[in-house]
Amino acid sequence: MRRIIFIDVDDVLANFTRAFLARVNATNGTSFTYKDHQNWDFSCVLPPGQTWRQHISDEEFWATLPLHPWADELMQAIWETGWEYAYLSAIPLGTAFMGRKKWLDEHFQDGTNVAPHKRLIIAERKDFVVGGADILIEDSPQHIEACRLTGASVLAISHPWNQGIDGLLTPQQVIDEIRAL
Ligand SMILES: [Mg+2]
C-alpha cells in the first residue's frame, strides 16, 4: 500500500506568519502580531482592498523565511520513519515557487543525493494528492477538512487561525505521533 508523509510548509516548517506580518506592518504602519492572525484570509490584519499576495510577490521573501523552532526536529523524525515523504504546498507558481525551491534546498538536505526541492509538490487542491494510508501535516482549516474526507490521517498543528478544527495538536504532539509510526 502507498504510504507517504506529506508536509505542508508554511506555518508547519516555515514561520510564514512572522515574515508576512513584518511586511504588512512595515508597509501599513501597523503592529500586528501572531495572535492577531485569526482568519485564514488575513482579513484581521489587512485593510480593505489589500491582498496578501501583493505584500509577498518577490522571490526574496520566500527564500528567506524563518524556520519554526520545531522544524528541524520534525523533519528528523520524518526521516527516521523510513517512509517516503513530500513537501505539499499551495503557494503561487512563479517567484514564490523559485524562492521555495531555494529555501528547501538550504534547510532540509536529508543525506541522500535527492535535492529537497525534488520532493516539492504544488497543489491548490491538496485533497487531489493526499489519500488512503497517507499522512498530511497541515495548518490550513480548508486543507485539513478536505484531506480528512479522503481517508488520509491529518495531523493538524494548532494556530490562532484554525481554532475550532477537531483534533488540533501542538508541534511536539505531531513529532510524537510521527515517532510512533
Ligand atoms: Mg500552511
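Biologist: In strand E3, which residue is the bridge partner of Ser 89?

Modeller: Strand E2 covers residues 84–89, and 3 bridges join E2 to E3 in the parallel sense; strands (E, at least two residues) and helices (H or I, at least four) are DSSP runs numbered from the N terminus. Two strands pair if DSSP finds at least two bridges between them. In E3, Ser 89 is matched with Ile 122.

Biologist: Before we go on, what kind of model is this?

Modeller: Residues are numbered from 1 along each chain as its sequence is written. Local features need pLDDT of at least 70, side-chain atom pairs count only at pLDDT 80 or more, and totals for chains, interfaces and linings use all residues, because the model is predicted.

Biologist: Happy with that! What is the order of the 6 strands in the open sheet?

Modeller: Let's walk across the sheet from one edge. E3 (120–122) and E6 are the edge strands, each pairing on one side only. E1 is joined to E2 by 4 bridges and to E4 by 3 bridges. With parallel pairing, the order is E3-E2-E1-E4-E5-E6.

Biologist: Which residue in E4 is the bridge partner of Ile 5?

Modeller: Ile 5 belongs to strand E1 (residues 4–7), where Ile 5 and Ile 7 point one way and Ile 4 and Phe 6 the other. In E2, Ile 5 stands opposite Tyr 85. In E4, the bridge partner of Ile 5 is Ile 135.

Biologist: Are the residues Ile 4, Ile 5, Phe 6 and Ile 7 buried or exposed?

Modeller: A residue is buried if 20 or more other C-beta atoms, placed from the backbone, lie within 10 Å of its own, exposed if 12 or fewer, and partly exposed in between. Ile 4 and Phe 6 share one direction, Ile 5 and Ile 7 the other, and all are buried.

Biologist: Why is strand E5 largely enclosed by the rest of the structure?

Modeller: E5 pairs with E4 (residues 135–138) over 4 bridges, with Glu 138 opposite Ala 156. To E6 (residues 168–169), E5 is joined by 2 bridges, with Ile 157 opposite Leu 169. E5 is largely enclosed because, of its 5 residues (153–157), the number buried is 4.

Biologist: Now the domains: which helix gives the most residues to the side of domain 1 that touches domain 2?

Modeller: An automatic or database domain assignment sets the bounds, dividing the chain into domain 1 (4–15 + 65–179) and domain 2 (16–63). The contact takes 19 residues from domain 1 and 18 from domain 2. On the side of domain 1, helix H5 (95–107) and H6 each give two or more residues; with 7 residues, the one that gives the most is H5.

Biologist: How many Å apart do the C-alpha centres of domain 1 and domain 2 lie?

Modeller: The two centres in question belong to domain 1 (4–15 + 65–179) and domain 2 (16–63). Between these C-alpha centres, the separation is 21 Å.

Biologist: Lastly, which residues is Trp 62 in contact with, leaving aside its neighbours within four places in sequence?

Modeller: Trp 62 lies in helix H3 (residues 59–63) and is buried, with 26 other C-beta atoms within 10 Å. The C-alpha atoms of Trp 62 and Ala 96 are 5.8 Å apart, although 34 residues separate them along the chain. Contact needs C-beta atoms, placed from the backbone, within 7 Å. Apart from those sequence neighbours, the contacts of Trp 62 are Ala 96, Gly 99, Arg 100 and Trp 103.

Conventions: Two residues are in contact if their C-beta atoms, placed from the backbone, lie within 7 Å.
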